[in-house]
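Visitor: I would like a close look at one part of this model, the protein surface that faces the DNA, and at what lies around that surface. Please take it step by step.

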Number of protein chains: 2
Amino acid sequence: MATIYEVSKLAGVSLATVSRVINNSGKVTQATRAKVQAAMQQLGYRPNAIAQSLASARSNSVGVLVPELHGPFFGIMLSSIEDELRAAGKHVIISAGHSDETREKESIEFLASRQCDALILHTFAVSNEYLLDLARGAVPVFLIGRDIADIAQQCFYLDNEQGSYLATQALIELGHRKLAYLAGPLWKSDAQGRYAGFRRAMADAGLSFDEQLLTEGNYQEASGREAMVRLLNAGSAFSGLVCANDEMAVGAIDEARQRGMAIPSDLSVVGFDNVFFTRYMHPALSTVNYPVDVMGRMAARSVLRDVYGQPQSEVQYRFEPRLVMRASTAAFRA
Amino acid sequence: MATIYEVSKLAGVSLATVSRVINNSGKVTQATRAKVQAAMQQLGYRPNAIAQSLASARSNSVGVLVPELHGPFFGIMLSSIEDELRAAGKHVIISAGHSDETREKESIEFLASRQCDALILHTFAVSNEYLLDLARGAVPVFLIGRDIADIAQQCFYLDNEQGSYLATQALIELGHRKLAYLAGPLWKSDAQGRYAGFRRAMADAGLSFDEQLLTEGNYQEASGREAMVRLLNAGSAFSGLVCANDEMAVGAIDEARQRGMAIPSDLSVVGFDNVFFTRYMHPALSTVNYPVDVMGRMAARSVLRDVYGQPQSEVQYRFEPRLVMRASTAAFRA
DNA sequence: GTATAGAATGTAAGCGGTTACATTTTTTCT
DNA sequence: AGAAAAAATGTAACCGCTTACATTCTATAC
């Protein structure tokens, strides 16, 4: 591969001048610019991004950490991030954290040592304190799905509480009185928020909640199945189930069906996330929309604006959930 | 961030020695190694990957191109590639080609200028000739979902023809005689292969195929819906439908239902790819498994072996499809 | 004890760019 | 026309590391 040196020789100018035309910086007459461009053309020259990074202390790459690369959720986020960043000539380096504290930290270290100009993280297991520490470091950090007050301008998150509130309220409005709640891992703040929204909706409607009908899963399908078994064995009747995410809802529905229940006539179910396959389900799942694509896009724009100094249209930090009613919910009938 | 220079000063050794302990290369006494490690520890030193790359002409990053980052298919591939590569300390740089020739080429250029040590490409629109040209270049290229004879050791692909053959055969064995085929874009070799498998199965069974019942889509759900409309309007009866992928099958099924047909009693449908949500569908879709995760893993291993010289267990290039029969297919009844 | 091979360590030249500063050329103004 | 200011270009140091080669040290053999 040709280097800048060969280009400068062929064009009969100095290294600095070539660099100037490459970066479109400084002053260069039209004539010499043309000479240089011709030389670059002729040699098929492409700047070596690595060398540029080393010299300029800018890698033009941003590291993105997601819990998982497969699955219905994070690909969408990744997609909008890549889209936005790629259009600005920036690279995306990915890493998966696998929802494990050690692996998440490792991945972050990994990305940082790669001299990423910024990090966009959707972490799962790592603590707020760790992230704050990280944010105090040299590399700018942007967080998706977290809300840490001290770094509000770097956090993009959904109002989880409100989302569950809406979902629960919808079930109540359909006439359901005895509701069960299938929570996410309750040590996680989003799972807590979602549960809190459920409780608030119940309270606002003047309904009491039978704690027997609270059960916890790990956001995966299988745990939804197991949760349904526990709920059914608990001995308390319920006509509505609010789930902390769609995957668990799928598992729960499947288990309920196996036990001979019909959805939604015997049981109304709402999910959370509006993962794309919910509309392929039968019945299509009622759920709460989580605009992860927009959130990714906003995070990317923040990077472009705050790190690369590119002007951007307004950036949104806080997102409102939206209820999507489909066929897995129906009016209560005794 | 501390540099190798500061480490060498603190440890009282030369740059070269520090480099040696970092890379575990050359000879270093246990004593000096310990001194250096202590110094690195004390300074919180982390090697600058960019500088390493520039000096060693190894970026330790591999570029991966997928058609789309979202959707049910490529995340899985990406996931296994990242997994494998990450374990070996290599970075994954991603780019989406959006199934458009220009964008695919741009993305490839983009990755190449980043000095990727290797490229793993799942292209859609670019020609075999272009890829061959690319493969002749400096950066090693590995192809997923393509089979180009001249570079067989860099191609990982599924026997599409055989997959369709199996799917079609299954329908025939269930007693169906009048079959429709919903093809992918027929200018693409995989779509051709799948169609060919269908035809071969029909021929082998001594069945004639009514060309009226061939229709083409673009692998997306909406096109499946439209295709079903055309098929139904064609006026030729059929009791089985073989689809070139799952997404189109979803659309087709949905349209058929809207027209009052029941699946599978009125129409048996088989998909292709075994995308993960097919089992959430109702009825769960019968399909052909496409082991894209394993293929990604194999491509990653090839990179590790051929580019980074790491010994690897056997690598597989050609993959056999496997039929997955679920509930969208049933025995024919007149 | 000395010569000598082999092991450990050090020296310094890049890798391919960027950029502060110096120098030369061109333009402007009196 | 000549001086001063502005614009264009060039020079060279530096980014943080690797690595070929040179040098020094250590252990072995006689």
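Which of the 26 residues around DNA strand C come nearest?

Guide: This is a predicted model, and what follows should be read with that in mind. The residues that come nearest to DNA strand C, out of the 26 around the strand, are Ile4(A), Ser19(A), Ala55(A), Ala16(B) and Lys27(B). Both protein chains are thus represented in that list. H2 and H4 of chain A and H2 and H4 of chain B each supply at least two residues of the surface near strand C. By class, that surface holds 14 nonpolar, 11 polar and 1 charged residues.

DNA strand D can be described in like terms. It is surrounded by 26 residues, and the closest are Ala16(A), Lys27(A), Ile4(B), Ser19(B) and Ala55(B). The elements giving two or more residues to this surface are H2 and H4 (49-56) of chain A, along with H2 (15-23) and H4 (49-56) of chain B. The surface near DNA strand D consists of 14 nonpolar residues, 11 polar residues and 1 charged residue.

Now to the helices of chain A around H2. The axis of H1(A), residues 4-11, comes within 9 Å of the axis of H2(A), residues 15-23, and the two cross at roughly 105°. That angle makes H1(A) roughly perpendicular to H2(A), since values from 65 to 115 degrees are counted that way. On the H1(A) side the contact is formed by Ile4(A), Tyr5(A), Val7(A), Ser8(A) and Ala11(A); on the H2(A) side it is formed by Leu15(A), Val18(A) and Ser19(A). The contact of H1(A) with H2(A) contains 6 nonpolar and 2 polar residues, and no charged ones. Two of its members, Ile4(A) and Ser19(A), have already been named among the residues that come nearest to DNA strand C.

H2(A) also packs against H3(A), residues 30-43: their axes come within 10 Å and cross at roughly 90°. H2(A) is therefore roughly perpendicular to H3(A). Thr17(A), Val18(A) and Val21(A) of H2(A) make this contact with Thr32(A), Arg33(A), Val36(A) and Gln37(A) of H3(A). Its residues divide into 3 nonpolar, 3 polar and 1 charged. Val18(A) takes part in the contact with H1(A) and in the contact with H3(A).

The two chains also meet each other, with 34 residues of chain B in contact with 34 residues of chain A. On the chain B side, H4, H5 (74-87) and strand S2 (91-96) each give two or more residues. That side comprises 17 nonpolar, 12 polar and 5 charged residues. H4 of chain B thus serves the side that touches chain A as well as the surface near DNA strand D.

In chain A, helix H5 covers residues 74-87, and its end C-alpha atoms are 20 Å apart, which agrees with the 20 Å that its 14 residues should span at 1.5 Å a residue. Because 11 of those 14 residues are buried, H5(A) is largely enclosed by the rest of the structure. Among the buried residues are Phe74(A), Ile76(A), Met77(A), Leu78(A), Ile81(A) and Leu85(A), and also Glu82(A) and Glu84(A). Just after the helix, Gly89(A) has a positive phi of about 75°.

Notes. Residues are numbered from 1 along each chain as its sequence is written. Chains are lettered from A and ligands numbered from 1 in the order in which they are written. This is a predicted model: local features need pLDDT of at least 70, side-chain atom pairs count only at pLDDT 80 or more; totals for chains, interfaces and linings use all residues. Axes are lines fitted to C-alpha atoms, for helices over the stretch in contact, and angles run from 0 to 180 degrees between N-to-C directions. Helices (H or I, at least four residues) and strands (E, at least two) are DSSP runs, numbered from the N terminus. Angles under 35 degrees count as roughly parallel, over 145 as roughly antiparallel, 65 to 115 as roughly perpendicular and the rest as oblique. Two residues are in contact if their C-beta atoms, placed from the backbone, lie within 7 Å. Ala, Val, Leu, Ile, Met, Phe, Trp, Tyr, Cys and Pro count as nonpolar, Asp, Glu, Lys and Arg as charged, and the others, Gly among them, as polar. A residue is near a molecule or strand if its C-beta atom, placed from the backbone, lies within 6 Å of it. The expected span of a helix is 1.5 Å times one less than its number of residues. A residue is buried if 20 or more other C-beta atoms lie within 10 Å of its own, exposed if 12 or fewer, and partly exposed in between; C-beta atoms are placed from the backbone.
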